[in-house]
Amino acid sequence: MKSTHLLALACFVLWGFSGCREEASTTLNLVFEVEWQGAPYAVGEAGIDDQGRDVQLERLECYVSDFAVHDVREGWIDIDTVARIDFGGTTRMAGLEIVGCQGLEIDGFRMGLGVPADRNTDVDPASYSDPDHPLGYKGSAGMHWGWAAGYIFSVYEGRLLTDPATPFAYHAGADTCFRSVEFTLDEPTLVPFESGDVTWTLTLDAYACLHGVNDIIDPEIDPETHTGNNLPLAIRWVDLYREAWTLTP
Amino acid sequence: MGGPVPRSLDLDAMRSPAYPCHWVWLMGSALWLLSGCDCGPKPVWEPTPYSLTIPPFFPPMDIPADNPLTEEGVHLGRLLFWETALSEDHSMSCGSCHLPAHNFSDPQPYSTGVTGAVGTRNAMALINLGWASSFFWDGRSPTLEDQIRDPVPHPDEMNLPWPEAVERLQQDPLERDYPQRFFDAFGTTEITEDLVVQAIAQFVRTMISSDSKFDRWRRGEVELTTSEYNGYQMFLREGGDPEVVPGGQFGGDCFHCHGEAGLQFTDHLFHNNGLDPSFEADPGRAAISGSPLDSGLFRTPTLRNVALSAPYMHDGRFATLEEVIEHYNSGGVASSTIDPFMKYTTGGLALAPSQKADLIAFLHTLTDTIFIHKPEFQDPN
């Protein structure tokens with residue numbers, strides 16, 4: 001037997017012992033919380049803005065998608081899931097099923113803020129066979145503009161409790177308003193496949209959605225965007241919104 | 001009263017010479033009758049699945065697993081929908097307040113019940129309810145079945161306690177063959193409140209409108225007129241003068257709440273569209289949710305057949321579409337919960353008369369007269 005054959009045989013044997021024989025999976029549960037300037041907050045309550053005005057959020061919803069976890073050995077592992085989060089309702093969880101052949105050691109996490117490009121326009125919610133799918137007819141109720149305009153990625157609505165009250169509505173959508181938020185974990189987190197599901201918390205600071213380091217949106221000056229009619233404001237809003245997330249593994 | 005005819009027995013076949021054991025069978029039957037034994041052949045329940053056609057561009061219908069549509073159930077539901085025995089004085093049926101010619105709604109702002117009592121909200125149109133996610137103006141019923149339970153015993157409506165209603169159907173004095181029809185639909189001659197509402201719900205789920213001019217345009221079968229098309233574009237555009245409203249597009253701003261997803265023209269959500277400054281007269285959704293943020297919020301009705309559904313709003317305050325358009329054009333009345341979409345702080349929509357006319361022309365394209373005249377939905381009596 002030639003030496004090359006021996007080498008090939010050795011490689012085959014090594015592969016046989018080291019390879020992934022049986023895939024396993026685990027679910028990474030994401031719980032979504034909302035806060036106001038770092039303090040507990042519920043949609044419908046009034047939070048105080050930088051000018052001392054009461055801001056009453058009445059609707060705070062978003063789509064999240066294009067998830068990925070970074071394993072110290074495997075690198076980025078994509079998880080194709082779209083979830084609709086209603087911070088004022090009961091739909092505040094997303095389950096990410098991770099398939100592999102061994103536990104993960106995660107040191108990074110990425111989440112898309114919106115609906116992926118291949119699914120966000122020219123798709124009628126009615127085309128989903130499951131009406132309750134997050135992008136389906138019932139599952140998307142109130143988060144879809146129409147065939148051409150597609151899904152609303154994020155809704156931030158309410159009013160300043162001034163006299164008279166000042167309503168505001170920031171609705172962002174379309175590819176130009178899709179953002180990703182990425183976290184690097186200080187300590188890698190072990191996610192063993194055999195020990196059950198893991199739960200992480202993602203917190204959105206509703207105050208930070210208006211108040212950033214480089215920009216502040218004043219609802220009295222800029223009360224409304226539906227993206228198409230006021231794209232600059234939509235972009236300002238999603239850029240603040242992207243910076244408003246924290247992850248607690 | 002006779003019991004149900006066992007559908008599995010073909011007496012003609014048994015009498016024929018080709019049937020080898022008919023004499024034996026007859027002897028056995030005679031013995032069975034004499035002995036009073038209750039162990040003979042049971043009636044066979046074989047309902048026919050109802051073939052529901054989902055129109056193009058419509059979403060799948062979420063039909064409850066415990067109430068699938070059957071031909072027998074839908075037909076029974078139609079009889080019950082029009083059954084005046086379900087009202088105290090035998091004068092009213094569901095169809096009394098949900099008139100076909102008016103998009104299965106009531107042309108009066110408030111319906112009058114059998115006692116002469118007058119309701120407090122306009123009867124909602126019964127159209128494409130198979131896709132609704134809540135029912136009544138305040139959404140207090142999460143299912144169609146739950147909604148149908150309400151009007152029969154309601155003192156301001158049909159005013160007949162359910163046990164009495166069920167008993168009337170069971171006794172079947174008008175010989176409509178109800179016990180047999182319930183058997184055909186549900187496999188039992190024992191009529192219950194649950195089965196009555198299930199049958200009516202089956203019927204209502206078949207009440208699908210999908211033949212308006214707009215539907216035909218979407219299917220590529222007809223053209224919209226210039227005015228209708230302009231009105232559709234108005235429907236889709238943001239409202240307000242851009243000089244006053246950032247991002248305003250001089251549109252009608254209708255699509256936010258009357259979304260065209262699935263061609264249903266409603267978002268199935270609740271909004272305060274700026275009708276009143278306060279809500280003592282009717283708190284709307286807040287009476288159900290308990291949240292002050294829901295004060296004055298009402299369910300978005302579909303715009304399908306809106307031209308036939310007058311009067312408008314939960315209290316029927318507007319008699320014409322022109323009045324409705326004028327209300328939105330004004331921006332509405334400010335209140336603590338008025339929807340942010342309403343342009344009440346910025347002078348309304350600022351629509352020109354021709355734009356209003358276009359918008360109304362578009363709304364008329366949602367009229368489906370085939371739906372309201374469909375024989376299967378009419379009073380069988």
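How many residues of chain B are in contact with chain A, and how many of chain A with chain B? Keep both chains on screen to find out. One caution before you start: this is a predicted model.

**Stop 1: where the chains meet.** Select the contact residues on both sides. You should have 27 residues from chain B and 28 from chain A. Now colour the chain B side by class. Of these residues, 14 are nonpolar, 9 are polar and 4 are charged.

**Stop 2: a helix in chain B.** Select residues 71-81 of chain B, which form helix α3. Is this helix largely enclosed or largely open? It is largely enclosed by the rest of the structure, because 10 of its 11 residues are buried. Show their side chains. The buried run includes Glu72(B), His75(B) and Arg78(B). Leu76(B), Leu79(B), Leu80(B) and Phe81(B) are also among the buried residues.

What do the buried residues of α3(B) pack against? Add three more helices of chain B to the view: α4 at 94-97, α7 at 178-186 and α8 at 193-205. Those are the packing partners.

**Stop 3: chain A as a whole.** Hide chain B and switch to a cartoon. Chain A has 3 helices and 15 strands. Of its 249 residues, 40% count as buried. Next, draw the contacts in chain A between residues at least 6 apart in sequence. Of these, 72% join residues at least 24 apart.

**Stop 4: confidence in chain A.** Colour chain A by pLDDT. The average is 88, and 90% of the residues score at least 70. Then zoom in on residues 13-18 of chain A, where the pLDDT is below 50. Beyond near neighbours in sequence, this stretch has 0 contacts in the model.

Terms used. Residues are numbered from 1 along each chain as its sequence is written. Chains are lettered from A and ligands numbered from 1 in the order in which they are written. This is a predicted model: local features need pLDDT of at least 70, side-chain atom pairs count only at pLDDT 80 or more; totals for chains, interfaces and linings use all residues. Two residues are in contact if their C-beta atoms, placed from the backbone, lie within 7 Å. Ala, Val, Leu, Ile, Met, Phe, Trp, Tyr, Cys and Pro count as nonpolar, Asp, Glu, Lys and Arg as charged, and the others, Gly among them, as polar. A residue is buried if 20 or more other C-beta atoms lie within 10 Å of its own, exposed if 12 or fewer, and partly exposed in between; C-beta atoms are placed from the backbone. Helices (H or I, at least four residues) and strands (E, at least two) are DSSP runs, numbered from the N terminus. pLDDT is the predictor's confidence in each residue, from 0 to 100.
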